[in-house]
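Let's take a walk through this structure together, starting with the whole chain and ending with single residues. Keep the view open beside you as you read.

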Amino acid sequence: MKPSRFHLTRKKLNMKQILFSLVLAGGVTFAAQAQSEQYNDAMKQQVGLLDSSNTYNAGGMQQLANTFERIAQAEQTQWLPYYYAAYCRVNEAYMTKDKGKIDELADMALVNAEKAQALKGKDADINCILSMILSARIGVDPMTRGMKYGPESAAVLEEAKKMDPENPRVYMLQGQALLYTPEAFGGSKTKAKEMFEVALTKFAAAKPASSIVPQWGEAYTKMLIEQIK
Amino acid sequence: MHKPFLTLIFLTFIPLLLEAQQTVSGRVTTAKRKPLPGVNIAIKGSYDGATTKADGTFSFTTSVTGERFITASLTGYQTLEIKTDIADAQQLQLVLRETVNELKMVTISAGSFEASDEKKNTMLKPLDIVTTAGANADIVSALRTLPGAQQVGEKEGLFVRGGTGYETQTFIDGMMVRNPFYSGMPDFAARGRFSPFLFKGTTFSSGGYSAQYGQALSSALVLESTDLPDRSSYTLGLGSVGPSVGVDILTKDKKKAYGFEADYANLTPYFALMKQKQKPTIAPQGANVSANYRMKTSKTGMLKFFVTGSWNRFGFQGESLEYPGFKEDFELENYNVYTNLNYKESLGKGWRVQLGTSYSTNHDRIYMDTIGKHPLPTRIRARQDLSQFRMVFSKNLGRYSLLRFGSEYQYADERSAFNEWNADYVDSYAAGFVEGDIYFTPRFVGRLGGRYEYSSLLRNANIAPRASLAYKLDGKSQVALAYGEFYQKPEPQHLRFDHDLGYMRATHYIASFQRVTEFYTLRTEVFYKEYHDLVKTVPDYNNNGNGYAKGIELFWRDRKSIKNVDYWLSYSYLDTKRDYLNYPFRVQPDFAADHTATLVYKHYISSLQLNLGATYSFATGRPYYNPTRPESEFMKDRTRTLNTLSVNVNYITKIGQAFTVFVFTMSNVLGNDQEYGFRYSSDKLRRSMVGPMAPRFFYLGMFMSFGIDRTQEVINRQ
């Protein structure tokens, strides 16, 4: 309630109204606190699900993306729900069995990533998602799309590295690109492994500001290193 | 004080009351009652919601109350928003409508094979054209593996559905190309002039095509030039026929690009190694230089300029058929310049414009002689100049439909000199067309249009109606019908001798079915074509020829059944007869085989970085003219069945900083006899077989790409 309202109505104030106002004000504060607590709790819970093996499939990712999208559109001003919605949506694009859906899912991921960027500004982690979206599009038709999206995806990661050289996910994704690119086109398993090792040292050194800021990828990096051996 | 106190207590409990849980439940389906899983159900402005299960149902609890918006969203569907009181939000029945995207819309399909990166649902990709074994990166050779095209090896061009090579015209950015092929020798097909890498889209139409294109009785080859490259590149190539260099620069602001390419070919070393049927007196040699400039003039505008010049010459000496024991000399020198300037822009409110102009000039000098024999050597000088302008406007009608209209003007200057004797002519040709792509529904489209043409040389106009219908049966299958009238001027070689000839005409009827899924493509077409007013040369030039062609064609492509293998199979059955040129009556012409089949196979072995490809072509014998038979048995003889197997191998590696591809290709590996027909001496005592210059052709090359990765392109430039 705006103070001006009080001035206008001061003449008519009586006890009942004062009490009512106090209670209402208390209720609003309580609700606001509940809201931010609700946000943190919900985010903690959902971010916690990201690493669960139950969600590591197209259906699970879709469900998580849906939830993050709901939180994002209810909050409007938080970039993290949009970020995670984009992350889950692009993972869904990687995991879907229906190649015809890849572009639509990548488009949805992009919408979320761009909203996150509008709220947060340029960010290495958002660039990681943008790079993943470009790589996902290659899957539709590797022979003709690899040439266009491969280098674009790499350029977005290079930009991320400049923004935050300590971000482990940048190295992890660069390693992944090296691992899955045929050697003749610049891929290399040994270079991929080196990159994963850099990523792991950066993961170890990383000090996330809270439990809901981006911090995924360490387990996945270890899994990829295992694959090389 | 009691009352306010009660109020206070009541109000204190409001937050708790708000926490009271309400269940929201329901089911989401398509309009056809198919359950939709994965739908995001949300109460607007709250976190509460759910994702629908496999049976489309959802159920969740919420503390939100009162009138709220509930949304249901899923990729590929329009988001649904309903206003409801949460207390009533149980057993909701929600129906989502599919968004109409390119994949779900029907497209005009009868008669055409399209290769495009940009459009989905095409049967081919531009890469397919260059990775086809035996095609040696020649567009027309690659398209010859598709149904409808004949395996004609002795003449250039596409012989489509009972039509001659002349009946197929090539269009670049909408404009007709006068000399799309290099100049060759009689009875030997020459390659196309234009590299497949210049084009982002290639459409091979075997009939029933748009009113935008005219002057082609049978078929249109529609090529769309590339826009800006993704990045700059430098390439260097060295092959068994010669070297090549290329530069393609994209400016920093990514709004302009310019490039140059040059190559030189000389077959002297190759011929030293591989014996040819005839003795080369001048080994084939030539140089090509091309330059291009492309600029984004605005967000929606694009200007493109392309120029290419080439020079080539060759000479062969063979046994004389006419005079046994004597030699025949044939020498040819050719100069060609082709330019194309094109501008596209959006004018707003759904209007678009495309303007184009093109100029080309082609000079041939031919020398023919039977050594030591009279008459004197024959010298032919021929020159063809074609200037043209083209303008097309289009306007969106509603959400999907489109109206297109435009006009074009061509000025052709055709000169030829046979020793001292000249036969020249000029023709001013003007045409206008109107065409509408009308979507009755997103699944049902009709293309209706017409074309008006006038030629000053023929002093005659024509009006050609065209119509096409296509209906999508489900997400993957569609049926289509097409009809059209097609007019074409007689061939220059006839027109230069008789200016009183009229248009030739063909009527097409096509019915097709196609099913395109992610890994499989099936397509079948039946057609009937009626020829009218074909040119006859006996008793003298006239337009009294006629004919028909009918047949059935099949195309099957499979990219899944065999691991790392992509193959396609084409089959064409053709029944055609015509009475034209010097034919005494209607017969099957010498360029038509009853059955034609092609198998194209592509195999990628990633562990070895090897690409293997093979193309097998088969055609039943074609008729040939045997003058020793009585006239009633005209064209009764058949050549041998044609069988050829061509292979290609690419090895991809890295040398220093350059991506490098080694390429090896060989045509007719098995060395099968290729009998295209026979020529007889005038006394009918001797004959010689028409066939290739050598049973096999091989090519070995190495291509390096610096700066950026252009390997994929190079792999295929065989």
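A residue is called buried here if 20 or more other C-beta atoms lie within 10 Å of its own, exposed if 12 or fewer, and partly exposed in between. With that in hand, please also keep in mind that this is a predicted model. Of the 718 residues in chain B, 36% are buried.

Now step back and look at the overall outline. The C-alpha atoms of chain B fill a box of roughly 135 × 60 × 45 Å along the principal axes. Two domains divide the chain: domain 1 covers residues 18–96 and domain 2 covers residues 112–715. Their centres, taken over C-alpha atoms, are 56 Å apart. As for secondary structure, chain B has 39 strands and seven helices. Among its contacts with a separation of 6 or more, 60% join residues that are 24 or more positions apart.

Next, zoom in on a strand. Lys344(B) sits in strand S18 of chain B, which runs over residues 327–348. Is this lysine buried or exposed? Lys344(B) has 18 other C-beta atoms within 10 Å, so it counts as partly exposed. Beyond its neighbours within four places in sequence, Lys344(B) is in contact with Gly301(B), Met302(B) and Gln354(B). Phe314(B) makes a useful second marker: Lys344(B) and Phe314(B) are 30 residues apart in sequence, and their C-alpha atoms are 40 Å apart in space.

Let's move on to some loops and their backbone geometry. Most residues other than glycine have a negative phi, and most peptide bonds are trans. With this background, find the loop between strand S28 (520–536) and strand S29 (542–558) of chain B, where Pro539(B) is located. The peptide bond leading from Val538(B) to Pro539(B) is cis, with omega near -10°.

Follow the chain onward to the loop between S29 and strand S30 (565–579), and you will meet Asn564(B). Its phi is near 60°, a positive value in a residue other than glycine. Asn564(B) is exposed, because 11 other C-beta atoms lie within 10 Å and the cut-off for exposed is 12 or fewer.

Our last stop is Gln609(B), in the loop between strand S31 (595–605) and strand S32 (610–619) of chain B. Gln609(B) is not a glycine, yet its phi is positive, at about 55°. How many other C-beta atoms lie within 10 Å of Gln609(B)? There are 17, so Gln609(B) is partly exposed.

Notes. Residues numbered from 1 in each chain as written. Chains lettered and ligands numbered in written order. Predicted model: local features only at pLDDT ≥ 70, side-chain atom pairs only at ≥ 80, totals over all residues. Domains from an automatic or database assignment. Helix = DSSP H or I, 4+ residues; strand = E, 2+ residues; numbered from the N terminus. Contact = placed C-beta atoms within 7 Å.
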